Each structure stands twice: as structure tokens, then as C-alpha cells.
Amino acid sequence: TKAVLLRRVTGTVTLVEANADWSAWSRGYLGRRRSARCSFACTRLEEMGPFPAGAFDLVWLQWCLQYVTDDDAVAGLRRAAAGLTPHGIIVVKENRPFGEGLCSRLDRFQMDTPDGPEGRYDITRAEAHHRRIIGLAGLRVCEWAEQEETVSVVLEPGHRFNIEPCEDLLP
């Protein structure tokens with residue numbers, strides 16, 4: 001990720017991490033020169049925003065949606081989209097179903113339960129599930145790339161294509 005974000009983005013990068021230990025680790029991983037171009041925020045996706053319009057050219061959400069409910073994922077994507085510049089994009093990288101036996105079904109929703117009082121649920125959604133959340137957020141998929149265990153998705157706000165959020169699909 002550091003090679004993509006910090007080599008290609010010329011401005012400041014805001015790195016958001018819910019875990020303070022991981023946030024500190026990120027500073028060391030990036031190194032002094034790269035981390036000097038970053039601001040660091042320790043918060044959860046569902047607690048972020050609202051953002052001013054035009055705040056971001058790029059929002060990169062890596063392993064964020066798997067820790068929130070569908071409603072929080074939709075709301076978080078909407079807040080991120082509202083903060084984009086006119087040509088800004090959102091990149092989402094998440095785990096996807098894989099494995100052997102019952103876990104090998106790529107259309108299967110998977111969930112791990114939290115360990116301890118500070119633990120969080122870990123949700124692995126199938127492609128159709130991700131696409132539904134993206135549509136509910138009023139976003140359009142520009143690119144979908146699958147790796148063995150993960151999926152990377154490039155999104156643009158649907159208003160560029162007259163796509164409106166599908167409110168009637170919410171439970």
C-alpha cells in the first residue's frame with residue numbers, strides 16, 4: 001500500500017486506523033520521510049466524518065468494512081464519497097471468502113466472533129454482498145480485482161453517472 005499511495009499521491013495522505021498500536025506501527029513501517037507526508041487519525045470508520053466536500057482526491061479503505069455492519073459500511077462509504085474532489089475516487093480492499101470445504105464457497109457470508117470485550121466481529125462478504133453495499137451508498141464500481149484472499153475495488157460517486165442510492169433496498 002505504501003508504494004501505491006505515497007509514490008503516486010503528491011499531497012498529504014491521512015491514514016486512519018482504529019487501533020493505536022497499528023497506527024504507531026504504520027509510522028515506523030512508512031519511515032520518517034514518508035510518514036512526514038501523512039497525518040494519522042486513530043478512529044473507527046463508523047465514527048469518521050462528515051468531511052468537507054473536496055477534502056480528498058483519494059480515500060483508501062483497507063480492511064475497514066469487515067469490522068462494521070452493513071448499515072455502517074453504507075454510511076461510511078457515503079461520508080467518504082461526500083468528501084471527494086470532483087474527480088476523486090475511493091479504493092476498497094477487503095477480505096473475500098476463500099478456503100477449503102464449506103469455506104471455499106465464494107458466495108458465502110463468513111463471520112468470526114470477537115475475542116474478549118474489546119474484540120470486534122470480522123465479516124467476510126461475498127461479491128454480491130459488497131456490490132449491494134456499494135450500490136446502497138450510491139457508488140459505482142470502476143474496477144474490480146480479485147486476489148486469492150482479497151478483493152480490491154475502485155469506486156466513483158454514482159452522481160457522475162446519474163446513479164442514486166437505492167434507499168428502498170435497505171432493510
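## A guided reading of the predicted model

Trp25 is found in helix α2, which covers residues 20-35. The structure that contains this helix is a predicted model. With a relative accessible area of 47%, Trp25 is partly exposed. Together with Trp22 and Tyr29, Trp25 makes a nonpolar patch of about 390 Å² on the surface.

From this patch, one may turn to the chain as a whole. The protein chain contains four helices and eight strands. Their order along the sequence is α-β-α-β-β-α-β-β-β-α-β-β. Of the 171 residues in the protein chain, 33% are buried. The accessible surface of the protein chain amounts to about 10300 Å², and carbon and sulfur atoms account for 52% of that area. Contacts also link distant parts of the sequence: when contacts between residues at least 6 apart are considered, 65% of them join residues at least 24 apart.

Helix α4, residues 127-136, offers a view of the interior. Which residues of helix α4 are buried? They are His129, His130, Ile133, Ile134, Gly135 and Leu136. The cover over the buried residues of α4 includes helix α3 (70-82) and the strands β4 (84-95), β7 (139-146) and β8 (150-157). Just beyond the end of α4, Gly138 adopts a positive phi of about 80°.

Two of the buried residues of α4, His130 and Ile134, lead on to the next feature, since both appear in the lining of the largest cavity. Rolling a probe the size of a water molecule over the atoms shows where empty space is left. A search of the whole structure yields one cavity of 30 Å³ or more, and the largest cavity holds about 50 Å³ of space. Besides the two residues already named, its lining consists of Leu65, Leu77, Val92, Glu94, Val151, Val153 and Leu155. At least two lining residues come from each of β4, α4 and β8. The most is given by β8, which supplies three residues to the lining of the largest cavity.

Val153, one of the residues in this lining, belongs to strand β8. Is Val153 buried or exposed? Its relative accessibility is 3%, so Val153 counts as buried. Apart from neighbours within four places in sequence, Val153 contacts Ile90, Val91, Val92, Ile134, Val141, Glu143 and Trp144. Val92 and Ile134 also belong to the cavity lining. Glu94, another lining residue, lies 59 residues from Val153 along the chain, yet the C-alpha atoms of Glu94 and Val153 are separated by 8.7 Å.

The remaining part of this account concerns charged side chains. Side chains of opposite charge can pair when their charged atoms come close. How many salt bridges does a search of the whole structure find? The search finds four, and three of them are described here.

One salt bridge joins the side chains of Arg44 and Glu46, with an N to O distance of 3.9 Å. Arg44 is partly exposed at 28% relative accessibility, and Glu46 is likewise partly exposed, with a relative accessible area of 25%.

A further salt bridge brings together the side chains of Arg125 and Asp70, at 3.0 Å from N to O. Arg125 is located in the loop between β6 (122-124) and α4, while Asp70 is in helix α3; the pair therefore ties together parts that are 55 residues apart in sequence. Arg125 has a relative accessibility of 1% and counts as buried, whereas Asp70 is partly exposed, with a relative accessible area of 25%.

Another salt bridge lies within helix α4, between Arg131 and Glu127. The closest N and O atoms of Arg131 and Glu127 are 2.8 Å apart. Why are Arg131 and Glu127 separated by about one helical turn? The reason is that they are four residues apart in helix α4. An α-helix has 3.6 residues a turn, so residues three or four places apart point the same way. Arg131 is partly exposed at 35% relative accessibility, and Glu127 is also partly exposed, with a relative accessible area of 33%.

Note on methods. Residues numbered from 1 in each chain as written. Predicted model: local features only at pLDDT ≥ 70, side-chain atom pairs only at ≥ 80, totals over all residues. Heavy atoms only, no water. Patch = residues over 30% accessible without salt bridge, like charges linked within 9 Å, V, L, I, M, F, W, Y side chains within 5 Å. Areas by Shrake-Rupley, 256 points an atom, 1.4 Å probe, with all protein chains shown as cover. Buried < 20%, exposed > 50% of the residue type's maximum accessible area, 1.4 Å probe, protein only. Contact = heavy atoms within 4.5 Å. 1 Å grid on protein atoms, 1.4 Å probe; cavity = no way out; pocket = protein on both sides within 12 Å on 5 of 7 lines; lining within 4 Å. Points joined across faces, edges and corners; volume = space filled by probe spheres on them.
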